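This briefing is for a reader who is new to the structure shown below. Please keep the structure in view while going through the points.

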Amino acid sequence: MADTTGTKMKRRLTKRKSSLFARGESMVWLTGAALVVSIAMILGLLGIVLVRGSKTFWPQELKSIQLVDGRSLMGELTRTEEYKPERHVFESLREGDREAARKLVSGNRGRSTRYLWRTGNRSPTRREGFTEVSDFHIKSETFPEWAVTIERSEWGRFYGEPVAFLIGDEKAATDPAAAWALFEKHHDDATELWEEAAQLEEDEVGGLDALFEEQRLRAKSVELEHGKDSPQHANALETFAAFEASQGAERTRLRAVIEKMRAEAGMYSLAMRTSDGVEEQVRLVDITRAYAANRLGFTQKIGIYIARWWEFLTAAPREANLEGGVWPAILGTIVLTMFMTLLVVPFGVLGALYLREYAKQGTLVSLVRIAVNNLAGVPSIVFGIFGLGFFCYAIGGSIDQVFFQESLPNPTFGKGAIIWASLTLALLTLPVVIVATEEALSAVPNSMREGSYACGASKWQTIRRIVLPRAMPGVMTGMILAIARGAGEVAPIMLVGAAKMAPDLPVDAAFPFFHPTRGFMHLGFHIYDVGFQSNNAKAAEPLVFTTTLLLIGIVLLLNLVAILIRARLRRAYLEGG
Amino acid sequence: MIEDGDMQDDSTQAPVESELVASPEPRPAAARSEERPLADLPAGQHGARMGGVFEAVSRGVAFDTEVHATMAGKDCVIEIEQFNLWYGTAQALHSNSMGVPAGQVTALIGPSGCGKSTLLRCVNRMNDLIPTVTTKGDMRLSGDDIYGPGVDVIELRKRIGMVFQKPNPFPMSIYENVVYPLRIDGLRDKRILDEVVEKSLRGAGLWEEVKDRLEDNALRLSGGQQQRLCIGRAIAGEPEVLLLDEPCSALDPIATGRIEDLIQELKGHYTILIVTHNMQQAQRASDYVAFMYLGRMVEYGPTQDLFLNPHLKETEDYVTGRFG
C-alpha cells in the first residue's frame, strides 16, 4: 500500500509524460471559452438594449444647421454613420458647391459622415419628421439660445423659437423670454382644465352611455324571452323610448358645460417660428411638455429625463403608440403573466404529481412524458392558433351562446381576451412546469417518504406534508422558467387578445376589478407593433429599445420575486434555516 | 413453493437433497423448524457442530433454523412464520420463522445483503412500496395478521414505530417532527401535543438539549440528535413495536453509545427489533440475536448463548469475525 502511493507520488512529480488531454488542461480552456462566448453574446445584447434604451429620453440640445443650398433646419441628432458617397450624390448639389464637397470627401479618404436629424414639426401636410444630412451639405451650425422643444399631444415634437404668447387673439408678449415666462405660468392651469373636461366627458357621458346600453339590452332580452310584438315587448319598448327622451336633455346640458371648459382652456397659445422662418401657433392644451433645450442645466435635464420616464411608465400611449407611455402594456404584461402563472403552476404540479407519485412507471407514462417534452418544442404560433380556435371560438363562443345571447352578434367571451391569452400561455409553458416539478419530486429523498409512511401517513398525507414542501423550490424554478418564457411570448398572444391599443385596462377600479373578457396591451406585442407596424419607423426605433429594456426589467423583477421566495423555501426545507 | 423457488436457482435439486447432510442427523430438506423437536439440541452443547448451512445455501436448498431451546415458550409480540419474499423473480427471504419476545431487544445480524433489513421492513409492510415485491407466509402483530386480507396498512404502521439507517427528520420544526404521527391523525389540541412532545423527547433522551428551541428546524440538529429525534418521532404514536434499521450506521461512536443507552432505556416499554451490522452492538444492546445468511435464518437464540456458545459452526465463524 505504502509502496504504490510512493510510486504514484513519484509519477505525479514528473508530469512530462502525461499528455495535455489526459491532464484535462485543454478542457478547462474549451469550457471556459464556451462560457466566455455565451456571456459575451448575452452582455452584448443587454448592453445594446441598455445603452440605446436608456438614452431615448435624455433631452438633447437643439442644433440649428444652415445648409449649402440655403435651407436651414433645427432638431435633435439621432444617428451618425460613415458611408462612401456615390459620384452622383454630388450632382444633386448646386454647381458652386460641388467642388468644395468633393474636396472634403476625398480629403477624408472618400468617406463622408451622414447625420440623421429629428426635425419634427410634422403636420397634416408634412409627414416626414426626420432629415438626413451629410457633412458636405452643412455650411454652418449654431445653438440658438431660445430653441424650444415642444412635445405635442398630436403630431409629435415641434422645434422652434417662441415669438409671442397669445391669449385668444391678443398678443400678451412679443419677445421670447416674456413669451416663455407666460407659457410656464399658464401651461399647468390650461392643461388641468382641459383634462377636467375630458374626465367629465368620460365619467358622465360614459355613465349615460352605459345606462343607455343597459336599457337597450333589457328591451332586447324581453324580446328574446317573450318574442317580438308580444305585449311585454311593446311595454319594454315604451319604457326604453321614455328613457331615451329623458336622457337627451341631460346629454345636451353636459355637452354645453364641457364645451365651455374646453374653450376656456384652449384660448392660450404659443406662437413659434421654425428654423425655416414659418410661424405657427401651438395651443397650450396640445403641449404635454416643452423646454428651452439649449438653456437647460444638468439638473434640469435630469428632471426632464425622469419626467419622461415617468410619463412612459404611467401614461397611456398616443399617436399610434409613438408618444406617451406604455402603462397599459406594462399592466397587461404583468396581469397576463401573473394570471398565466396562477393557471399553469397548479395544473403543472398536479400533472407532475400524478406522473411521478401515482402513475405506474411504464411505457404509457414514458410516452406521456415524451409527449409533454415535445409540447415544449411546438412553435408558439401554433399555440396561438389553437388558443384562437379552441378557447376563443369554441369555448368562448359557446359561453356567449348560452349566457350572453342578447348581446350577440357582439361577442362577450368569443373573442380575443386576457383570460384566453393567459390560458394559451399556460398551455405553452405547461411542459416547463411539469418537467421542473417532476425533477424536483424525484429529487425528494425516498427516506423522507419512508419516514412518513412509517409514521402511518397515507400517500396523500405524505405528498402534501413532506414531498410537496420539499419539492417547492424546484417548482419555483419551473415557475421562474415559465414566467421568463411566457412574459416574452408575442406570437401566440397576437391571435388571442393582444391589441395595438386597448381602450380599457384588464384591471381597474370598476367592479369586478379584473375583467377577463377584455383585450389588453402587451409590451412584447408593443415592441413588435412599434418596431414593425409603425408608419414612422425612425421615430419608433428608439422606443423599441426602451420598451425592450422595460420588458427585460419587468421579467427580471418578476423572476427576482420568485427567486427570493425560492431562496426562502430552500432555506426552510433543504438547509434547515 | 419454496422448492419451486429454489428450483429456479438450482435445476439439479434432486441430488442436492441427499447431499445436504453435513449435519450429524440427516434430515429431509423440506423439514420445517417448528416440526423439529427443539430437544434435539443439547442445551449446554460445547463446541459448535458443522451445520452444512453455507453449503446448503450455496446449493439453494432449504434447511432448518437452529433455534435455541431457551427460546421456547416466550411471549411474542411479533410472530413470523414461513415468510418468503421475492423482488421480482429473485427470492430474498426463504421461509423465515421467528418470534420476537415482548419487551425485549431482538437483533438481526448477518452479512450485507442477507435480508435482515428486508425482513425488518416486512414487519410494517414498508416493502409494499416497492411494486415488484411479492410475499408468502404469515406475520402476526399481537395475534393480528399483518398480511391478512383487509388489513389497513396505515393502521398497522401506526402500531409500529420505525427508525431508519440514515436519520430522516422531516424538513420542519423539531416540534412538528415529533407530533407528525399525531398531526396526520388530525390531532390539533395544543395541550396534548405539547405533552406528547415532551414525553417523546424525554423518552428519546433529547429533551434537555432541545427544549428551548423546539421551533428550530430539525435539519439543523447534529446527526446523532437527528437520529434521537427520529426515535422520539417513532415513539410519539405509542407503538407496540419499535423497528430499528441499523440506527447507528451513520453516526459517530459517541452518538452510537447514546443510542445504545437509549435502547436499554426503551426496552421494557417497547418491544424492539433492531438490525445491525455491528456485532459488538448486537452483543451489548440485545437480549436475543438471530443470525441470517442469504435470506435464510441460520440460528436464533439468547444473545449470550449465541455469541459465546453458538450451536452452529457458521454462526461461530461469523460472530468471531472469521467469516463475513
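Two strands count as paired if DSSP finds at least two bridges between them. With that meaning of pairing, B:Leu85 has B:Leu93 in strand E3 of chain B as its bridge partner. The model is predicted. The points below go from the sheet in chain B to the cores, a surface patch and a loop residue.

**The sheet in chain B**

- Four strands of chain B make up an open sheet, in the order E3-E2-E5-E6, and their pairing is antiparallel.
- Strand E3 (90–101) and strand E6 (144–145) each have a single partner strand and stand at the edges, so one side of each has no neighbour in the sheet.
- Strand E2 (residues 76–87) of chain B is joined to E3(B) by eight bridges, and the two run antiparallel.
- Eight bridges also join E2(B) to strand E5 (residues 133–141) of chain B, again antiparallel.
- Within the pairing of E2(B) and E5(B), B:Ile80 stands opposite B:Met139.
- E5(B) and E6(B) are antiparallel too, with two bridges between them.
- In E6(B), B:Asp145 is the residue opposite B:Arg140.
- The hairpin of E5(B) and E6(B) has two residues between the strands, and B:Ser142 takes a positive phi near 45° there.

**A buried helix in chain B**

- Helix H4 (residues 116–123) of chain B has eight of its eight residues buried, so the helix is largely enclosed by the rest of the structure.
- The buried residues of H4(B) include B:Lys116 and B:Arg121, along with B:Leu119, B:Leu120 and B:Val123.
- B:Arg125, just after H4(B), takes a positive phi of about 55°.

**Nonpolar cores**

- The largest nonpolar core has 81 residues, and A:Leu523, A:Leu550 and B:Tyr180 have the most contacts inside it.
- Several helices of chain A each supply at least two residues of this core, among them helix H8 (298–314), helix H9 (327–358), helix H16 (523–532) and helix H17 (537–575).
- Another core, of 38 residues, lies apart from it and includes B:Phe83, B:Cys122, B:Leu156 and B:Val275.
- Once neighbours within four places in sequence are left aside, A:Leu550 is in contact with A:Trp309, A:Phe312, A:Leu313, A:Val326, A:Ile330 and A:Leu523.
- In soluble globular proteins, nonpolar side chains tend to be buried together.

**A nonpolar patch on the surface**

- A:Leu35, A:Ile39, A:Ile42, A:Leu43, A:Leu46 and A:Ile552 form a nonpolar patch on the surface, and together they have about 520 Å² of accessible area.
- Helix H3 (residues 25–55) of chain A gives the largest share of the patch, with five residues.
- One of the patch residues, A:Ile39, is located in helix H3 of chain A.
- A:Ile39 has 40% relative accessibility and therefore counts as partly exposed, a class that lies between under 20% for buried and over 50% for exposed.

**A loop residue in chain A**

- A:Phe404 sits in the loop between H11 and H12 of chain A.
- Its relative accessibility is 28%, so A:Phe404 counts as partly exposed.
- Apart from neighbours within four places in sequence, A:Phe404 is in contact with A:Ile399, A:Thr412 and A:Phe413.
- A:Phe390 is 14 residues away from A:Phe404 along the chain, and their C-alpha atoms are separated by 18 Å.

Definitions and conventions:
Residues numbered from 1 in each chain as written. Chains lettered and ligands numbered in written order. Predicted model: local features only at pLDDT ≥ 70, side-chain atom pairs only at ≥ 80, totals over all residues. Heavy atoms only, no water. Patch = residues over 30% accessible without salt bridge, like charges linked within 9 Å, V, L, I, M, F, W, Y side chains within 5 Å. Areas by Shrake-Rupley, 256 points an atom, 1.4 Å probe, with all protein chains shown as cover. Salt bridge = Lys/Arg side-chain N within 4 Å of Asp/Glu carboxyl O. Buried < 20%, exposed > 50% of the residue type's maximum accessible area, 1.4 Å probe, protein only. Core = buried A, V, L, I, M, F, W, Y, C linked by side-chain atoms within 4.5 Å. Contact = heavy atoms within 4.5 Å.
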